[in-house]
Structures are given as C-alpha cells and as structure tokens.
Amino acid sequence: MAEETKGGCCCPGEAEKMAPATEKRLGWNEYFMSVAHLISRRATCTRGHIGAVIVRENSILSTGYNGAPSGLPHCNDSNCRIYRSIHPDGTVEENCVNAIHAEINAIAQAAKHGVSIKDSDIYITASPCIHCLKVLINVGIKTIYYDKPYKIEHIADLLRLSGIKLVQINMQDYQKG
Ligand SMILES: [Zn+2]
Ligand SMILES: [Zn+2]
C-alpha cells in the first residue's frame, strides 16, 4: 500500500519547496516563453538550441525544437553539416543542413495530428529566420513572441509587408523582476 503523504501535497517531501503565497504568479507570456525554453533543451543541433510553442486562447496546441527528422541521426551524434548562403544584402549565413527549425517542427506536429493552428500565436526562444517566417505567415500565425533576436534585420521587410506581429519577451527582464 502506498505511503501516505504529509502536509496535503501529492508529492512526498515537496510541500516545503512549494512557492510561498506571496510569490508572484507567472503571467501568460512568461509562462509560454518558459515552456519554449524548456522544450529547447530537447534540441539536438549543436548550432543552437531553440524551442517553439504554438498557442491559442492560452492553450498549447503544438511544440517543436530544432533537430534532424524523426529516426535520422542527430547532429549531436553525427555532427552538424554546415552550408553557406549569401543573403541579398551580402551577408554570409551558415546553417545546418540536417536540422529542421523548431517552429517548422511545431507546425509539422500540428499537421501530423490534424490540429488547426490558424489564428494562433507562437512563442520561440529566438526570432524566426526568413524561411520560417514565410511559413508562419502562411499557416495563419497572428503574433510571434521571441526572446533573443536572431538575424532580425533580415526579416524587417517581410514583417512590414505581411502585417504579422513580432513581439520580444525578454526573459532576462522577467528574471530581474
Ligand atoms: Zn546541426
Ligand atoms: Zn528558421
């Protein structure tokens, strides 16, 4: 028979670790961005660990992190395979040919399970690259929340022309209180 827990908490020994009543409750933006950061810890591309969460009406619809397609060798097993491309402004980009980006994996997960993500928002630990941004526009994402800027100057024109909203949720500001 299971041992009875003390203090009314379901987790033995956890009661004393519970937040005091005065601790500030997480707001929705901080909550979903924290989830995105947690998800990024599943990422396997050694170029960077990114997490994404698709949300509508404060419910999580789908999640994703960057890495190789299912069943294929991950970068942390077989190393990244880097390719270079030149942006129209002349800057040279390096990307990993193995990995699917986190936001595309979140969209793929929704598609796989038949979850509509039209009119939803996305939380990503870094701002999207121009390729992902084009897809986010077409699946009907309304607002992109990001923590760290990533080549953000490359997406300025597309943001302006598409009307999709980009909002920074800087977790360092939240952590400072
Ligand atoms: Zn990689
Ligand atoms: Zn991308």
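Look first at the hairpin of S3 and S4: five residues sit between its two strands, and glycine 90 takes a positive phi there, near 100°. The whole picture comes from a predicted model. Strand S3 (residues 82-86) and strand S4 (residues 92-96) run antiparallel and are joined by five bridges. If you want a pair to find on screen, serine 85 stands opposite glutamate 93 in S4.

**The chain as a whole**

How many helices and strands does the protein chain have? There are six helices and seven strands. Starting at the N terminus, the elements follow one another as α-β-β-α-β-β-α-β-α-β-α-β-α. The protein chain has 177 residues, and buried residues make up 29% of them. Among the contacts with a separation of 6 or more, 51% are between residues 24 or more positions apart.

**The five-stranded sheet**

Strands of a sheet pair through backbone hydrogen bonds, and the pairing can be parallel or antiparallel. Here, five strands form an open sheet with mixed pairing, in the order S2-S1-S5-S6-S7. Strand S2 (59-65) and strand S7 (165-168) are the edge strands, each pairing on one side only. From one strand to the next, the twist averages 20°.

To see a parallel pair, go to strand S5 (residues 121-126) and strand S6 (residues 143-148), which are joined by five bridges. Tyrosine 123 has tyrosine 145 as its bridge partner in S6.

Helices lie against this sheet too. Helix H3 (residues 102-112) packs on the sheet and touches S1, S2 and S5, with a direction that makes about 125° with that of S2. Helix H1 (residues 28-40) lies across S2, S5, S6 and strand S1 (51-56), and runs at about 145° to S1.

**Helix H4 and its neighbours**

Which residues of helix H4 (residues 130-138) are buried? They are Cys132, Leu133 and Leu136. These residues are on the same side of H4 because they cover an arc of only 105° around the axis. The buried residues of H4 pack against H3, S5, S6 and helix H5 (156-162). After H4 comes glycine 140, with a positive phi near 90°.

The pairing of H3 with H4 deserves its own look. Two packed helices are described by the angle between their axes and the distance between the axes. For H3 and H4, the axes come within 9 Å and cross at roughly 30°. Angles under 35 degrees count as roughly parallel, and H3 and H4 are therefore roughly parallel to each other. Their crossing is left-handed. On the H3 side the contact is made by Glu103, Ile104 and Ile107, and on the H4 side by Cys132, Val135 and Leu136.

**Two loop residues with positive phi**

Most residues other than glycine have a negative phi. Asparagine 58 has a positive phi although it is a residue other than glycine, and lysine 151 does as well. The table sets out their values.

| Residue | Phi | Loop | Other C-beta atoms within 10 Å |
|---|---|---|---|
| Asparagine 58 | near 60° | between S1 and S2 | 9 |
| Lysine 151 | near 45° | between S6 and H5 | 14 |

Is asparagine 58 buried or exposed? Asparagine 58 is exposed, because 9 other C-beta atoms lie within 10 Å and a residue with 12 or fewer counts as exposed. Lysine 151, with 14 such atoms, is partly exposed.

**Tyrosine 65, a buried residue**

Finally, find tyrosine 65 in strand S2. Tyrosine 65 is buried, because 25 other C-beta atoms lie within 10 Å and the cut-off for buried is 20 or more. Leaving aside residues up to four places away in sequence, tyrosine 65 touches Ile39, Ser40, Arg42, Ala43, Ile50, Gly51, Ala102 and Asn105. Tyrosine 65 and isoleucine 104 are 39 residues apart along the chain, and their C-alpha atoms are separated by 8.6 Å. Isoleucine 104 is also one of the residues of H3 that make the contact with H4.

Definitions and conventions
Residues numbered from 1 in each chain as written. Chains lettered and ligands numbered in written order. Predicted model: local features only at pLDDT ≥ 70, side-chain atom pairs only at ≥ 80, totals over all residues. Pairing = 2+ DSSP bridges. Helix = DSSP H or I, 4+ residues; strand = E, 2+ residues; numbered from the N terminus. Axes fitted to C-alpha atoms, helices over the stretch in contact; angles between N-to-C directions. Contact = placed C-beta atoms within 7 Å. Arc of directions from axis to C-beta. Parallel < 35°, antiparallel > 145°, perpendicular 65-115°, else oblique. Left-handed = near helix turned anticlockwise from the far one by under 90°.
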